[in-house]
Amino acid sequence: MERTLIILKPDTLHRNLVGRILTRFEDKGLRITALRMQWSSREQVERHYEVHRGKPFYDGLVEFMTAGPVILAVLEGPQAITVVRNLLGATDGRKAAPGTIRGDFGLDQRMNLVHASDGPETAKTEIELFFRPDEIVTYERATDRWVARPDGK
Ligand code: CDP
Ligand code: MG
């Protein structure tokens, strides 16, 4: 079982797509184990996107990510990190495959609706950046045994 961090970016909220996008993750079978709304500070966004500092798109990205509220969530499931990245699709909505979230809802490279951790290390760091341990809720759903087999084979 893996955990990954997602951020529904300000364009998702400004476009009233929160419910529909969260539904995509629920439909897949992923479990929401933490959920919060906030208007991120510049400092928090800069820390989150530290790896991109200095790139041509960095300043615009920080401006965008502080231009409205976001929804933060931790999703849990087998190979959740890869599964969620695949649900998002390519970074640029114009190139993302139809059927993916960015492919279905986006037409922009910056305003691409959702962030998701890209590996086990970043998932751990990003979850710790945005959530305290006591904000992550461990539970089982009655449907879990109909979603994935515990051994995963
Ligand atoms: O989010 P993802 O991992 O797919 O893309 P990234 O390459 O890690 O870039 C982080 C974010 O910066 C993207 O999700 C876009 O919002 C933004 N970006 C941008 O504004 N212009 C680019 N040329 C590339 C990325
Ligand atoms: Mg990335």
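The largest pocket in this predicted model has a volume of about 630 Å³. Its lining is made of 22 residues. Look for Tyr-49, His-52, Phe-57, Leu-61 and His-115, which lie nearest its centre. Three elements give two or more residues to this lining: α5, β4 and α7 (120-130). Of these, α7 gives the most, with four residues. What classes of residue make up the lining of the largest pocket? It has eight nonpolar, eight polar and six charged residues.

Now turn to the second largest pocket. Its volume is about 410 Å³. Here 19 residues form the lining, and those closest to the centre are Met-1, Gly-77, Pro-78, Val-147 and Ala-148. The classes divide into seven nonpolar, three polar and nine charged.

Next comes a closed space. How many cavities of 30 Å³ or more does a search of the whole structure find? The search finds one. The volume of this cavity is about 50 Å³. Its lining consists of Ile-7, Ser-40, Gln-44, Val-45, His-48, Met-65, Val-70 and Phe-130. Helix α3 (residues 42-48) supplies the largest share, three residues. By class, the cavity lining has five nonpolar residues, three polar ones and no charged ones.

Met-65 leads us on to helix α4, since Met-65 is one of the buried residues there. The others named with it are Tyr-58, Gly-60, Leu-61, Val-62 and Phe-64. Why is α4 described as largely enclosed by the rest of the structure? Six of the eight residues of this helix (residues 58-65) are buried, so the rest of the structure largely encloses it. Buried here means under 20% relative accessible area. The cover over these buried residues includes β1 (2-8), α1 (10-14), α3 and β3 (70-77). Leu-61 is also a link back to the largest pocket, where it is among the residues nearest the centre.

Helix α1 holds His-14. Is His-14 buried or exposed? His-14 is exposed, with a relative accessible area of 55%. The cut-off for exposed is over 50%. Even so, His-14 has contacts far along the chain. Not counting residues up to four places away in sequence, His-14 touches Ala-67 and Gly-68. His-14 and Ala-67 are 53 residues apart along the chain, and their C-alpha atoms are separated by 9.7 Å. The side chain of His-14 reaches the backbone oxygen of Ala-67 at 3.2 Å.

Finally, look at the interior. In soluble globular proteins, nonpolar side chains tend to be buried together. In this model, the largest nonpolar core has 21 residues. Which of them have the most contacts inside the core? They are Ile-6, Leu-8, Ile-21, Phe-25 and Val-114. The elements giving two or more residues to this core are β1, α2 (18-28), β3, α5 (80-88), α6 (101-105) and β4 (114-116). The largest share, four residues, comes from α5.

Take Leu-8 as an example. Leaving aside neighbours within four places in sequence, Leu-8 is in contact with Leu-13, Val-18, Ile-21, Leu-22, Val-70, Ile-71, Leu-113 and Val-114. There is also a second, separate core of 17 residues. Among its members are Ala-34, Val-62, Met-65 and Phe-130. Two of these names are familiar: Met-65 and Phe-130 also line the largest cavity.

Terms used. Residues are numbered from 1 along each chain as its sequence is written. Chains are lettered from A and ligands numbered from 1 in the order in which they are written. This is a predicted model: local features need pLDDT of at least 70, side-chain atom pairs count only at pLDDT 80 or more; totals for chains, interfaces and linings use all residues. Side-chain values use heavy atoms; hydrogens and water are left out. On a 1 Å grid over the protein atoms alone, a cavity is a set of points where a 1.4 Å probe fits but cannot get out, and a pocket is an open set with protein on both sides within 12 Å along at least five of seven lines; lining residues have an atom within 4 Å of a point. Grid points are joined across faces, edges and corners, and a volume is the space filled by probe spheres set on the points. Ala, Val, Leu, Ile, Met, Phe, Trp, Tyr, Cys and Pro count as nonpolar, Asp, Glu, Lys and Arg as charged, and the others, Gly among them, as polar. Buried means under 20% relative accessible area, exposed over 50%, partly exposed in between (1.4 Å probe, protein chains only). Contact means heavy atoms within 4.5 Å. A polar contact is a pair of N or O atoms within 3.5 Å; within protein, one must be able to donate a hydrogen and the other to accept it, and residues adjacent in sequence count only if both atoms are side-chain atoms. A nonpolar core is a set of buried Ala, Val, Leu, Ile, Met, Phe, Trp, Tyr and Cys residues joined through side-chain atoms within 4.5 Å.
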